[in-house]
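Subject: Structure handover

Hello,

Here is the structure I said I would pass on. Please open it alongside this email and follow the notes below.

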Amino acid sequence: MSAIWLKRAGWTGAALVVVAGIFWLAWPAPVGADLAAVMRGPMEVTADDDGKTRVRHIYTVSAPIGGKVLRISHPLGTQGSSLHVGDQVTANETVVALMQPTPPSFLDVRSHDQLEAEVIAADASIQQQEAEVRRLEAALSFARTEFQRAQALVRTQTISTQAFDRAKFEVASNEAALASARAQQDFRRNMRASLAARLIDPANAAAPKDPACCVRVLAPASGRVLKIIQDSEAVVVPGAPLVDIGDPGDLEVVADLLSTDAVQLKVGAPVRIDGWGGPAVRGKVVRVDPAGFLKVSALGIEEQRVRVTIDFADPPEIWSSLGHDYRVIVHAMIWSSDDVLTVPVSALFRKGEDWAIFAVENGLARSTLVKIGHRNNRLAEVLSGVAPETQVILHPSDRIRDDIKIVSRVTR
């Protein structure tokens, strides 16, 4: 009898071990998660984006006339020095460019033959006019001789008054005709010279050697050369940009912010400027443009942007190594507080129309609705729904649900 009971007890113990093993395998294992605490502390909301520095006042020197501008990086006339980017210039003293007359243009065969024919015709016209001048000179000489005879006869009263007046008229008439003919002769000679000038071959047209013949373009303001737009020798039209001049010590920062961020900025808002290779620099917003513009992002997304201008608040010694068109990162202050209840943004998820978090209570996960205020890319302001020091789950996965046991990855 005792053997039977011992046998039954052995089977019962084995069955209990099997059932316990099944329960142990079926019991849900704790889920590892990253945890963080809801804390009170300072928080700020900023509009962050790339920006660039620029000289506040840039003077673009343009060609005052059409002509050939000489190479700017070569010695300029009698100045004896080259002009390069970064060189110091003085207003109304430094020569930034020299301009010469435009060389003559090439002629096609038809135009060249036509001009040659016009020159030959002009030579014939000049010869014709020279003959006319000689004829009028002879007529005037004869008229003057007749007038002298009339003057001798009028003293002896052997000529009528009408004949005397006619002789006098002939002299005056021939003098006027001769003056007109000589003027016409000069006109035809000048026309011939104009046609001959149009036949000048550009290859044979020498550049003027006298610097006085050239136009000296002076710097309109003192500063440094920021950019040489037209460095090589070239023929330019009036108004063509040549050189940019400005003062690198007078910098400002411009950033194209999203319009949704720009509407929250106020003039005078503090700005933190970093990402330029030096220490963070303080600045302030001085202007938010009233008009936006469309800009396509690197991902091909169309965005409405607004240009924001920022002045440096720190002394120049801190940012003196910055120059024109340098890249920076701006953080323009939209809102800030020294003491708010915050939760990491990575702990938030949507539950219907509300925000929620997974709080850890006694080692178990509990979904909790919260009311959120301001947010930045790291923290969110908690208005209600959770108490300080509460542990919350970061980046909750689909394995996280209510009443599941949680173990921190740090302590596991």
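In the hairpin of strand 12 and strand 13, which residue takes a positive phi? It is G275, with a phi near 75°, in a hairpin that has six residues between the strands. Please keep in mind that this is a predicted model.

**Strands 11 to 14**

Strand 12 covers residues 270-274, and its pairing with strand 13 is antiparallel, over four bridges. One position to find is P270, whose bridge partner in strand 13 is K284.

Strand 13 (residues 281-296) also pairs with strand 14, again in the antiparallel sense, this time over ten bridges. Two places show how the strands line up: G292 is opposite V306 of strand 14, and L294 is opposite Q304 of strand 14. These two strands form a hairpin as well, with five residues between them. In that turn, G300 has a positive phi of about 80°.

Strand 14 has another partner to look at, strand 11 (residues 251-258). The two are antiparallel and share six bridges; V254, for example, has T309 of strand 14 as its bridge partner.

Is strand 14 mostly covered or mostly open? It is mostly covered: of the eleven residues in 302-312, eight are buried.

**The cores**

The largest nonpolar core contains 22 residues, and I273, F312 and V330 have the most contacts inside it. Strands 2 (39-55), 11, 12, 13, 14 and 15 each contribute at least two residues to this core. Strand 11 gives the largest share, with four residues.

V330 is a good place to look at these surroundings. Leaving out residues up to four places away in sequence, V330 touches A47, D48, D49, V253, A255, V271, R272, I273 and I310. There is also a second, separate core, which has 18 residues, among them V61, V217, L242 and V243.

**H331**

H331 is located in strand 15, which runs over residues 327-344. Is H331 buried or exposed? Its relative accessible area is 12%, and the limit for buried is under 20%, so H331 counts as buried. The side chains of H331 and D274 are joined by a polar contact of 3.0 Å. With residues up to four places away in sequence not counted, H331 touches T46, A47, D48, P270, V271, R272 and D274.

**Helix 3**

Helix 3 runs from residue 161 to residue 197, which is 37 residues. At 1.5 Å a residue, the helix should span 54 Å, and its end C-alpha atoms are 54 Å apart, so the two values agree.

Which residues of helix 3 are buried? They are F164, A167, V171, N174, L178, A181, Q185, R188 and L195. Helix 2 (109-155) is included in what covers them.

**Aromatic pairs**

How many aromatic pairs does the structure hold? There are three. One of them is F147 with F164, a tilted pair with 5.5 Å centre to centre and 40° between the planes. This pair links distant parts of the chain, as F147 is in helix 2 and F164 is in helix 3, 17 residues apart. Both rings belong to buried residues: F147 has a relative accessible area of 17%, and F164 has one of 18%.

F312 and W319 form a pair whose ring centres are 4.3 Å apart. Why is this pair called stacked? Planes under 30 degrees apart count as stacked, and the planes of F312 and W319 are at 15°, so the pair is stacked. F312 and W319 are both buried.

**An open sheet**

Four strands make up an open sheet, in the order 3-10-8-5, with antiparallel pairing. Strand 3 (59-62) and strand 5 (88-89) are at the edges. Each of these has a single partner strand, so one side of each lacks a neighbour in the sheet. The partnership of strand 5 with strand 8 (residues 223-228) is antiparallel and has two bridges. Within it, V89 is opposite G223 of strand 8.

Regards

Technical notes
Residues numbered from 1 in each chain as written. Predicted model: local features only at pLDDT ≥ 70, side-chain atom pairs only at ≥ 80, totals over all residues. Heavy atoms only, no water. Buried < 20%, exposed > 50% of the residue type's maximum accessible area, 1.4 Å probe, protein only. Pairing = 2+ DSSP bridges. Polar contact = N/O pair within 3.5 Å; in protein donor to acceptor, adjacent residues only side chain to side chain. Contact = heavy atoms within 4.5 Å. Expected span 1.5 Å × (residues − 1). Core = buried A, V, L, I, M, F, W, Y, C linked by side-chain atoms within 4.5 Å. Phe/Tyr/Trp six-rings, centres within 6.5 Å; stacked < 30°, edge-to-face > 60°.
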